[in-house]
Structure formats: C-alpha cells, structure tokens
Amino acid sequence: MSTPMSPAFAQAIAAFAPPLPLAVAYSGGADSSALLRACAQRWPGQVVALHVHHGLQAAGDDFLQHCQAVCQELAIPLAVAQVDARHRPGQSPEDAARQHRYAALAELARTGFAQPVRHIALAQHADDQVETLLLALSRGAGVAGLAAMSAHWQAAGIDWHRPLLAVPGQDLRYWLRSIGAAWVEDPSNADLRFTRNRIRQQLLPVLEQVFPHFRHTFARSCAHAAQAKNLLHALAEQDAAITGLPPAIAALQALSAERQSNVLRHWLLHCHGTTPSTAQLQALLVQIAACRTRGHHIQIKMGSGFVCRKGANLHWYNPQVLVQKP
Ligand SMILES: Nc1ncnc2c1ncn2[C@@H]1O[C@H](COP(=O)(O)OP(=O)(O)OP(=O)(O)O)[C@@H](O)[C@H]1O
C-alpha cells in the first residue's frame, strides 16, 4: 500500500541502500519513529531497533515503554541499554549524553541480537543539519564545523548512516500523523534555555520567510565545506609525513602559516583528541617562527593541555594526566 510520504522523504528512503540487516536508533521521538517505520516497511524482517534509556529524565521510562509497545506491534526486535549519562565537570550535558548514547548504540548493535549488526541509522533531518550549521557559525567554526553532520561514517566497528539529512522535519511528522502512528514528545525540546531549541522555534520560521529554500541551499554549503574539510585532511596527512608527529620545528618553519595551522590542528586532534582555539594556535605560530636558537623555550596552553618544545620537536601534554600517573 502506498503511503503519503513527501517527495523528499520518499526520495531519501529510496536512495538509502545500506547492507542489511539494519539497526535504527529509536528514541521513540517523531524523527526516529518515522525512520524506523519507513525502514521496516521497506525491508520487512531485516530491521531491528536500538533504544538507549538515559536515566536522566523521569520521562525515560515512558519512552522505553512506548518503544517496546511499538516494536512489539510491528514485530521489530528491540535491544535496550540503560546508561548513566551524567556529565563530567567541564563537559556539556548534551555532549555527555551524546557520547554515552553512541557508545551504547554500538555495543547494543554488536551484542544485543543473535547476530551482530554492523549498520546503524540515525534520524537527524534537514532542520537538524541547519541547526548544526548555525551553531557552528555562531562559534566561528572553520570548514570542519561548517561541514555539519556527515551522512555516513565509520567508528567503533559500525557504519553509521543519516539517511534523512535532506528531509524537512515537518515531512516526518506529517507522514506519521497520516498513518496514525504515535510518538513521544521529549519535554526538553520545548526548553528555550537550549540554543538548539531557540534556533528551531525562533530562527527557522524567520529563515523560512526570508529564504524559502534555505534547507536545500544551506545543505549545499555544508557539502562544499565537507569537500574542503577532506582536502585539508589530505593536505595535513601529506605535511605530517614531512614534519613527523610530533612535528619537527624546522620542518614546520618551511611551511606556510596556513599549512602549519592545518597540520598542527590535525596532530592535536588525531593524536591527542584536543582542539586548540584560534588564539592559542596563533600564539604557537609566533613561537615557532621565533624558535631559531637552541635555548628558545616554548610553553603554551593548547586545547585541554600544553604544547612545549622537546629538543627539535614540539610536544603536547596534559598536566592533569601527569599528576594522576606520576
Ligand atoms: N535514547 C535514544 N535511543 C536510541 N536512539 C536515540 C536516542 N536518542 C536519540 N537517538 C537517535 O539519535 C538521533 C539524534 O538524536 P537527537 O536527540 O538529536 O534527535 P531528536 O531530534 O530528538 O530525534 P527523535 O525525534 O528521533 O528523538 C535520533 O533521531 C535517534 O535516531
């Protein structure tokens, strides 16, 4: 039976071709409800659901019960994990919840069913992508941030997919209503203390009026930024092969300032999982340029640690880790 999906939604589902079986990360909210139902309809018997109970909101139990009831009705196997998503000091609550959730989803897919599942679909859509782009702009992000969310990536032995990035959120809710499917509304989505909710409720309606095609054109900008991000990554790998990691100071000095910044960001992120601020990186470039004598000392705060000079090379360390492991 044909269902009244919007053209964008129908196109996104038709174009989505993951190897099966597929797991859908199912919160019980509108977006993942639409994705789960659309996938189960397209690949009957080949789709499973994963639910993470965050243990943060009182509503968590209702979410779980809703997911269990829907999966039972649709005969979709469901695996559930309970996580303690409390954040560490200095970590944002949303970041903590996201990290715990992704780790729990990967673990559920690996061990929650008779056979491990290697592909997980998430239900972020075009409005989420625009929100991510606007948040990146508001932070003054570079191209990596402006690329916003990827449609596909690999991590923790899982292929992650976001098939709905071109579908407006309202199309998903419209479809759910038209087929009489219920979902649970996360009460925190209405909380205007969260910037993302203010963007969704206050900014997107205005953007809609001024730039009616903003979802499409902003997504195109994200795609251009993603291409540039890949080029910068490739260039950083080439330069890192010359400077070595940790980088040799003399080899850095032979590069342009832009290429130094690029390879330094790459080193700090990929080897140490930290991102320096623009001001920190700028200060380091000044020190690298001035480092022409044996006695030149470098010691600069960099991301979550410090960069210092160790002989001919730079060296990054986190003093807190040094204190914990003397
Ligand atoms: N508790 C959860 N259990 C399983 N998957 C989840 C959970 N929370 C979020 N996800 C997955 O991560 C995606 C992005 O999460 P986010 O909280 O940004 O979504 P959302 O806009 O609230 O979506 P939804 O309406 O599906 O809850 C969701 O669409 C869903 O696929």
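In this predicted model, the shell of residues around the ligand is mixed in character, comprising seven nonpolar, six polar and four charged residues. Among the 17 residues that surround the ligand, those that come nearest are A25, S27, G29, S32 and A123. Helix α2, which covers residues 30–42, contributes at least two residues to this shell, and strand β2, which covers residues 47–53, likewise contributes at least two.

Further along the chain, residues 249–310 are listed by UniProt, in an unreviewed entry, under the name "domain: tRNA(Ile)-lysidine synthase substrate-binding". Within the model, this span is 55% helix and 16% strand, and the C-alpha atoms at its two ends are separated by 10 Å.

Strand β7 (residues 299–302) runs antiparallel to strand β8 (residues 305–310), to which it is joined by four bridges; in this pairing, I300 has V307 of β8 as its bridge partner. The hairpin formed by β7 and β8 has two residues between the strands, and G303 adopts a positive phi near 60° there.

Strand β8 is also joined to strand β9 (residues 313–317), again in an antiparallel arrangement, through five bridges, and here the bridge partner of R309 is L314 in β9. Two residues likewise lie between β8 and β9 in the hairpin that they form, where G311, located in the turn, has a positive phi of about 65°. Strand β8 is thus paired with β7 through four bridges and with β9 through five.

How values were computed
Residues are numbered from 1 along each chain as its sequence is written. This is a predicted model: local features need pLDDT of at least 70, side-chain atom pairs count only at pLDDT 80 or more; totals for chains, interfaces and linings use all residues. Two strands pair if DSSP finds at least two bridges between them. A residue is near a molecule or strand if its C-beta atom, placed from the backbone, lies within 6 Å of it. Ala, Val, Leu, Ile, Met, Phe, Trp, Tyr, Cys and Pro count as nonpolar, Asp, Glu, Lys and Arg as charged, and the others, Gly among them, as polar. UniProt positions are given in the numbering used here, feature names are shortened, and annotations may be inferred rather than shown by experiment.
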